[in-house]
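Let's take a walk through this one together. Have the sequence and the 3D view open side by side, and we'll go element by element.

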Amino acid sequence: MSTTLFRTIQLNQFTLLGTTLFRRRSNVVSVRCCGSQTTTTTHEAKQSSQSRVAPKNHKSNKLDEILKDYEAVIGIETHVQLSTSTKAFCSCSNNYGSYPNTSICPVCMGLPGALPVLNSKVVEFGVRLGLALNCDLSLKSKFDRKQYFYPDLPKGYQISQFDIPIASGGYVDLDIPLEFGGGHRRFGITRVHMEEDAGKSIHSDTGDYSQVDLNRAGVPLLEIVSEPDMRSGVEAAEYACEMQRIARYLGVSNGNMQEGSLRCDVNISIRPIGQAEFGTKVEIKNLNAFSAISRAIDYEISRQALLYNQGKADQIVTETRLWEEGAQKTVTMRKKEGLADYRYFPEPDLPEVILTQEYVDSIRASLPELPEAKRRRYEAMGLSMQDVLFLANDVTVAEYFEAVIGKGAEVKLAANWIMGDIAAYLKNEKLSINDMKLTPQELAELIAAIKDGTISGKIGKEILFELLAKGGTVKGMIKEKDLVQITDPAEIEKMVIKVVSENPKQLEQYRSGKTKLQGYFAGQIMKMSKGKANPGLLNKILLEKLNAKE
């Protein structure tokens, strides 16, 4: 295989300060495109509330009828790039976005005589993730060599774990959003193993050449292999969302899909309803957006079901496919390798990884509250599932919410402000919750000022947006702008009488049955009071005057 591939590419240049360049002849298949999607995808920016998936594609009635006869079986391999300072087996900086081929050394380049040294942080993160996924830990595990050749894998093999991973036999619980049917799901985790990443191939727009950046070679990964427990694109996408949430809660990875910090390979087969035996498994490689996971799976299920229905099940073969976002379909990439092709054997340059029970217990004790536990706690507070899923989705949002209620704000009121006006402001300004100037203390003060009648809800919103943009204190702003709510009935009654007497035509219409004009009168009074009249008191006095007999 390697000889054939080298005949199709010409090594043009190699420099430690530039990029490795591979030119190819016309009409020759491209070199490996692993990682190329993540270099061009920009749709997933700051991601705190981005973890919702797109709705399913609409299908014809005929296809719907066909799909009723089949069941999909789906499993996911999730690659989590770890947020360590250095790479897995050398001291090179693990820094996304560095100039190509500047964070490399003889070890991660696979030069002869260079020996790997394991980064202990990789082991710690592996244990943290394994515990978070309810796995059994291997107190003694080892590394293996996984043999395959691509230009962005300079050693010709990947250091990974094969028969003895660091963690196995776990599960994850999650809640499906209400817009996708709701419900609680548990998906099995087969294993979690440590490995290193490959480099990145970058293909030219013209297709004439490919460049290889080895900065990513040797970056530490944890691969999470699920059981084939998912049955739809929505379930698979929500599972991937949960993997991102857990990684971020644990602090082992930023989980940014647009940077390639979290990538998913999805395995899909279908079988007739009632059949126990699995169908032929197809892999979709390098999915780097949750909506893409859902849509790619739905397309592949439809493709396979149609082939079954047409008597062409033999055309479903074990292969690796890619998702083409523009065409909204999967296409063949290559035939799928088997275990024998990888020729695994124990890594001779690395010792066994031996853990003590004390080490594992110390990490277990340091784990934060995880998304599932937080969701259940928020639910016990009386919040709706919609509130729970929003607030627990991002650890920074959850921390802010808990800081607000820790200052005395009512749980539901705090949730409403964060999910409503604050979320809208952050979305419009493209900010994260940590970027805004409104502190938890001041949001709690604002909620209290509205609740005790110091200011109206309308004025509260005006104050909110100024605090979000400029900062400051609620009390200081109320005093500076003289915003204290008018609660004196006599003062409000004077304004009501004045507005009603100045609008005889509207008064006559109201008394003729057009009672919606009450809102018109209330608006005029609020305008006169500069928004400071107590709404409840205002409407009570207004109704008395409007309904009074002449």
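In strand 7, which residue is the bridge partner of lysine 146? Glutamine 158 takes that role. Keep in mind as you look that this is a predicted model.

That pair is a good way into the smaller of our two topics, the sheet with the order 7-6-17. This open sheet has three strands, and its pairing is antiparallel. Strand 7 and strand 17 (345-346) are the edge strands, each pairing on one side only. Four bridges hold strand 6 (residues 144-147) against strand 7, the two running antiparallel. Toward strand 17, strand 6 makes two bridges, again antiparallel, and here aspartate 144 has proline 346 as its bridge partner.

Now look along strand 7 itself. In a regular strand, side chains alternate between the two faces of the sheet. Strand 7 (residues 157-160) does just that: Tyr157 and Ile159 point one way, Gln158 and Ser160 the other, and all are buried.

On to the other sheet. Nine strands make up this open sheet, with mixed pairing and the order 4-8-9-12-3-13-14-15-16. Its edges are strand 4 (136-137) and strand 16 (329-335); each has a single partner strand, so one side of each has no neighbour in the sheet. Helix 5 (residues 120-132) packs on this sheet, touching strand 4, strand 8 (167-175), strand 9 (184-196) and strand 12, and its direction makes about 20° with that of strand 12. Helix 6 (residues 233-250) lies across strand 3, strand 8, strand 9, strand 12 and strand 13 (262-272), running at about 110° to strand 8.

Within the sheet, strand 3 (residues 70-81) and strand 12 (residues 220-226) run antiparallel and are joined by five bridges. If you want one pair to click on, glutamine 81 has leucine 221 of strand 12 as its bridge partner. Further along the order, strand 14 (residues 282-287) carries lysine 285. You might not expect a lysine tucked away, but lysine 285 has a relative accessible area of 15%, under the 20% cut-off, so it counts as buried. Its side chain makes a polar contact with the side chain of aspartate 265, at 3.1 Å.

Helix 5 deserves a second look. At its start, a side-chain oxygen of asparagine 119 comes to within 3.0 Å of the backbone nitrogen of lysine 121. With 13 residues at 1.5 Å a residue, helix 5 should span 18 Å, and its end C-alpha atoms are 19 Å apart, which agrees. Helix 5 is mostly covered, with 10 of its 13 residues buried; among them are Val122, Phe125, Arg128 and Leu131. After the helix comes asparagine 134, whose phi is positive, near 60°.

Last stop: the cysteines. How many disulfides does the structure hold? Zero. Cysteine 90 is in none, and the nearest cysteine sulfur, that of cysteine 105, is 3.7 Å away. Cysteine 105 is in no disulfide either; its nearest cysteine sulfur belongs to cysteine 92, 3.4 Å away. Why don't these count? A disulfide needs two cysteine sulfur atoms within 2.5 Å. Cysteine 90 is buried, with a relative accessible area of 14%, and cysteine 105 is buried too, at 16%.

Definitions and conventions:
Residues are numbered from 1 along each chain as its sequence is written. This is a predicted model: local features need pLDDT of at least 70, side-chain atom pairs count only at pLDDT 80 or more; totals for chains, interfaces and linings use all residues. Side-chain values use heavy atoms; hydrogens and water are left out. Buried means under 20% relative accessible area, exposed over 50%, partly exposed in between (1.4 Å probe, protein chains only). A polar contact is a pair of N or O atoms within 3.5 Å; within protein, one must be able to donate a hydrogen and the other to accept it, and residues adjacent in sequence count only if both atoms are side-chain atoms. Two strands pair if DSSP finds at least two bridges between them. Contact means heavy atoms within 4.5 Å. Axes are lines fitted to C-alpha atoms, for helices over the stretch in contact, and angles run from 0 to 180 degrees between N-to-C directions. The expected span of a helix is 1.5 Å times one less than its number of residues.
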